[in-house]
Amino acid sequence: MSRTIIGLDLDREFSQISYYSERNMEPETVSIMENQDKYLIPTPQDLFSVIEEAMDLGVMSLANFLKTCISFVRTATEMQQVYMMVTMKEICAPWIEAVRNACEMLGMNRENVWLQTHRESLFCYTLNQRRDLWSHKVALFEYEESKISSYMLETDYGTRPALVTVTPGEVLSLENRKRIGGEEWNRKRDELFLELIRRTFAESNVSSTFLVGDSFDKTWAVNSLSFLCRKRHVFQGRNLYTKGACFGACQHLGIIKTLDGFLYKSEDMVEYNISMEMEIRGKLTNYLLIGAGVNWFDAEYTCEFMLDETEEIVIYAKSMLGGPVSSYTIELKNLPKRPARTTRLQMKAAFTAADRCRIILRDLGFGEFFPPSGLSWESTLKLN
């Protein structure tokens, strides 16, 4: 059965959706009206507030909106065959479970749903373009409401894999300047944007620039766009993030390999390998639970194991950047006395932030011989 791979840019005012076209081997942004270039899907006005305030109707409202968005992808198959990357400007804790629960409510598999920020979508999109477009630094300017935000993408080839960062730069506030009005305002806005570009590009070799937002317009950005286009590639549009999300989903599924050899480093990235010693087939092994290099909201693992002659669990953490191994001991207080290897434990490890890993252990007993005690133990590892 064919699968549908989707990238959804979920934003407060308007959202966009793209799907991976196997025919063209790249994402295509979907118009919500047939035979028209209308790509912006109005986001329900209260959606963000009901999710972030954890209101009861939040997940249902989100599920209904996701269903509407997916319906525009006319190649969509059964929900179990839909794979989706959701990208947002920032990802806070309430959205992680809300998105996955909403997708599950629609019949999708939770394992088929991922999240990433706009900045990571910029990384995914950029590195899937021609190499000459990102051989040096890449700039992005985003015009939203009454401000222009700047970002710079750069790659450090001195590491393996090469580390890619997207650094926020200066934000140009235009809120109090609109009152100028008319042609004078256009000239002033052009002047201010040009100054922002010059400061952003100071001592930087920039290969290409992306302009995101409908407010960028040649009728006012005369000198600023002229400066940008000198010996640089400049692209304008609004669907960079949704296409970047689609590329991200394809990378997860192994359909594309363009990001192999590169690692996006952000404030959401887990820098630690989490492991514990286990005896597997008679051999003591350092068993990896969660590997470094993933976003904290994707870093989770569940397993079951038999407990030997001990009443504590030791978890190890090692930074991918080097340094010593740290150990964390979790005492299993009040654990029933049983013979060795007759206590089965379930362990859930999940990051709650980039430097916080929560471990939950639950006593499962041992079949009919030793029923579960109902006991559980929880500990949060502070990794910084």
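Biologist: I take "exposed" to mean over 50% relative accessible area, "buried" under 20% and "partly exposed" in between (1.4 Å probe, protein chains only). Is Glu-203 buried or exposed?

Modeller: Glu-203 is exposed, with a relative accessible area of 86%. Please note that this is a predicted model, in which local features need pLDDT of at least 70 and side-chain atom pairs count only at pLDDT 80 or more, while totals for chains, interfaces and linings use all residues. Residues are numbered from 1 along each chain as its sequence is written, and side-chain values use heavy atoms, without hydrogens and water.

Biologist: Where is Glu-203 found?

Modeller: Glu-203 belongs to the loop between helix 5 (182-201) and strand 10 (206-212). Helices (H or I, at least four residues) and strands (E, at least two) are DSSP runs, numbered from the N terminus. The phi angle of Glu-203 is near 60°, which is a positive value in a residue other than glycine.

Biologist: And Ala-54, what is its phi?

Modeller: Ala-54 has a positive phi of about 55°, although it is not a glycine. Ala-54 sits in the loop between helix 1 and helix 2 (58-71). With a relative accessible area of 61%, Ala-54 is exposed.

Biologist: While we are on loops, which peptide bond is cis?

Modeller: The bond from Arg-160 to Pro-161 is cis, with omega near 0°. Pro-161 lies in the loop between strand 8 (147-156) and strand 9 (162-173).

Biologist: Let us turn to strand 5. How many of its residues are buried?

Modeller: In strand 5 (residues 82-88), 7 of the 7 residues are buried, so this strand is largely enclosed by the rest of the structure.

Biologist: Which residues cover each face of strand 5?

Modeller: In a regular strand the side chains alternate between the two faces of the sheet. In strand 5, Val-82, Met-84, Val-86 and Met-88 are buried on one side, and Tyr-83, Met-85 and Thr-87 are buried on the other.

Biologist: What pairs with strand 5?

Modeller: Two strands pair if DSSP finds at least two bridges between them. Strand 1 (residues 4-9) runs parallel to strand 5 and is joined to it by 6 bridges; here Met-84 is the bridge partner of Ile-6. Strand 6 also pairs with strand 5 in the parallel sense, over 5 bridges, and Leu-115 in strand 6 stands opposite Val-86.

Biologist: A new topic, then. In what order do the strands of the open sheet run?

Modeller: This sheet has 4 strands in the order 15-18-19-20, with antiparallel pairing. Strand 15 (300-306) and strand 20 (376-382) are its edge strands, and each pairs on one side only.

Biologist: How many bridges join strand 18 to strand 19?

Modeller: There are 9 bridges between strand 18 and strand 19 (residues 356-365), which run antiparallel. Within this pairing, Phe-351 has Cys-357 in strand 19 as its bridge partner.

Biologist: What about Ser-379 in strand 20?

Modeller: Ser-379, which lies in strand 20, counts as partly exposed at 22% relative accessibility. Its C-alpha atom is separated by 7.0 Å from that of Ile-330, although the two residues are 49 residues apart along the chain.

Biologist: Now the pockets. What is the volume of the largest pocket?

Modeller: The volume of the largest pocket is about 900 Å³. Of its 34 lining residues, the closest to its centre are Arg-100, Asn-295, Phe-297, Asp-298 and Ala-299. On a 1 Å grid over the protein atoms alone, a pocket is an open set of points where a 1.4 Å probe fits, with protein on both sides within 12 Å along at least five of seven lines, and lining residues have an atom within 4 Å of a point. Points are joined across faces, edges and corners, and a volume is the space filled by probe spheres set on them.

Biologist: Which elements supply at least two residues of that lining?

Modeller: Among them are helix 3 (93-105), strand 6 (113-117) and helix 4 (118-126). Helix 4 is mostly covered, as 9 of its 9 residues are buried.

Biologist: And how does the lining of the largest pocket divide by class?

Modeller: It has 18 nonpolar, 7 polar and 9 charged residues. Ala, Val, Leu, Ile, Met, Phe, Trp, Tyr, Cys and Pro count as nonpolar, Asp, Glu, Lys and Arg as charged, and the others, Gly among them, as polar.
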